[in-house]
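Q: Could you take me through the charged pairs in this protein, slowly, and then show me what surrounds them? I'm new to this, so please explain the terms as you go.

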Amino acid sequence: QVQLVESGGGLVQAGGSLRLSCQASGRTFSNYVMGWFRQAPGKEREFVAAAAIRWSTGTTSYADFVKGRFTISRDNGKNTVYLQMNSLKPEDTDVYYCAAKTGLRIGSIENEYNYWGQGTQVTVSS
């Protein structure tokens with residue numbers, strides 16, 4: 001198993017930037033595909049981005065609403081995955097979760113992921 005702890009959330013003005021971090025422990029980090037999801041009150045978690053195990057391949061996936069603004073990356077040596085968020089909008093306000101899944105295929109569905117962090121709040125003011 002792997003334990004995930006997010007950090008880096010907070011309050012930012014529209015148009016600003018924020019970088020989220022997720023540090024993993026418990027098992028070999030590089031054995032998992034890593035993803036980011038977000039959840040608004042009363043709604044299901046929605047996919048944001050994911051990164052393949054073999055970062056050298058440069059394989060990533062993004063939801064349409066963040067393309068060109070958000071960038072996912074991972075540092076297997078530090079057991080950490082990042083989400084760089086630029087040009088933030090008020091509608092980006094949500095709790096953001098990092099997640100890990102077994103296998104090699106990048107997933108965009110919540111129930112494909114096996115492990116979850118507790119989430120970090122991102123609030124974008126207008």
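A: Let's start with Arg 38, which forms a salt bridge with Glu 46, their closest N and O atoms being 2.9 Å apart. A salt bridge here means a side-chain nitrogen of Lys or Arg within 4 Å of a carboxyl oxygen of Asp or Glu. The general idea is simple: side chains of opposite charge can pair when their charged atoms come close.

Before we go on, keep in mind that this is a predicted model, where local features need pLDDT of at least 70 and side-chain atom pairs count only at pLDDT 80 or more, while totals for chains, interfaces and linings use all residues. Residues are numbered from 1 along each chain as its sequence is written, and side-chain values use heavy atoms, with hydrogens and water left out.

Now, are the two partners buried or exposed? Arg 38 is buried, because its relative accessible area is 5%; Glu 46 has 32%, so Glu 46 counts as partly exposed. (Buried means under 20% relative accessible area, exposed means over 50%, and partly exposed is in between, using a 1.4 Å probe and protein chains only.)

Arg 38 has another partner too: a salt bridge runs from Arg 38 to Asp 92, again with 2.9 Å between the closest N and O atoms. Arg 38 sits in strand S4 (residues 33-39) and Asp 92 in the loop between strand S8 (80-85) and S9, so this pair ties together parts 54 residues apart in sequence. Strands, by the way, are DSSP runs of E with at least two residues, numbered from the N terminus. Asp 92 is buried as well, because its relative accessibility is 1%.

Asp 92 then reaches out to Arg 69 in a further salt bridge, with the closest N and O atoms 2.8 Å apart. Arg 69 belongs to the loop between strand S6 (60-62) and strand S7 (70-75), and Asp 92 to the S8-S9 loop, so here the tie is between parts 23 residues apart in sequence. Arg 69 counts as buried because its relative accessibility is 10%.

Step back and you get a network: Arg 38, Glu 46, Arg 69, Asp 92 and Asp 94 are linked by salt bridges. Searching the whole structure turns up five salt bridges.

Asp 94 is a handy bridge to the surroundings, since Asp 94 is among the residues in contact with Thr 120. (Contact means heavy atoms within 4.5 Å.) Leaving aside neighbours within four places in sequence, the others that Thr 120 touches include Gly 9, Leu 20, Val 95 and Tyr 96. The side chain of Thr 120 also reaches the backbone nitrogen of Gly 9 at 3.2 Å. Thr 120 is buried, because its relative accessibility is 10%, and its place is in strand S11 (residues 120-125).

S11 has a covered face with Thr 120, Val 122 and Val 124, while Gln 121, Thr 123 and Ser 125 make up an uncovered one. That fits a general pattern: in a regular strand the side chains alternate between the two faces of the sheet.

Which strands pair with S11? Strand S2 (residues 10-13) does so in the parallel sense over four bridges, with Gln 13 having Ser 125 as its bridge partner in S11. S9 runs antiparallel to S11, and three bridges join them; one bridge partner in S11 is Gln 121, which is matched with Val 95. (Two strands pair if DSSP finds at least two bridges between them.)

S9 also carries half of a disulfide, meaning a pair of cysteine sulfur atoms within 2.5 Å. Cys 22 is joined to Cys 98, with 1.9 Å from S to S. The two lie 76 residues apart, Cys 22 in strand S3 (residues 18-25) and Cys 98 in strand S9 (residues 94-101), linking distant parts of the chain. The disulfide is right-handed, because the torsion about its S-S bond is about 45 degrees. Both ends are buried, because Cys 22 has a relative accessible area of 0% and Cys 98 also has 0%.

One last stop, back in the S8-S9 loop, which holds Ser 87 as well. Ser 87 has a positive phi of about 50 degrees although it isn't a glycine, and Ser 87 is partly exposed because its relative accessible area is 40%. For background, most residues other than glycine have a negative phi.

Methods. Polar contact = N/O pair within 3.5 Å; in protein donor to acceptor, adjacent residues only side chain to side chain.
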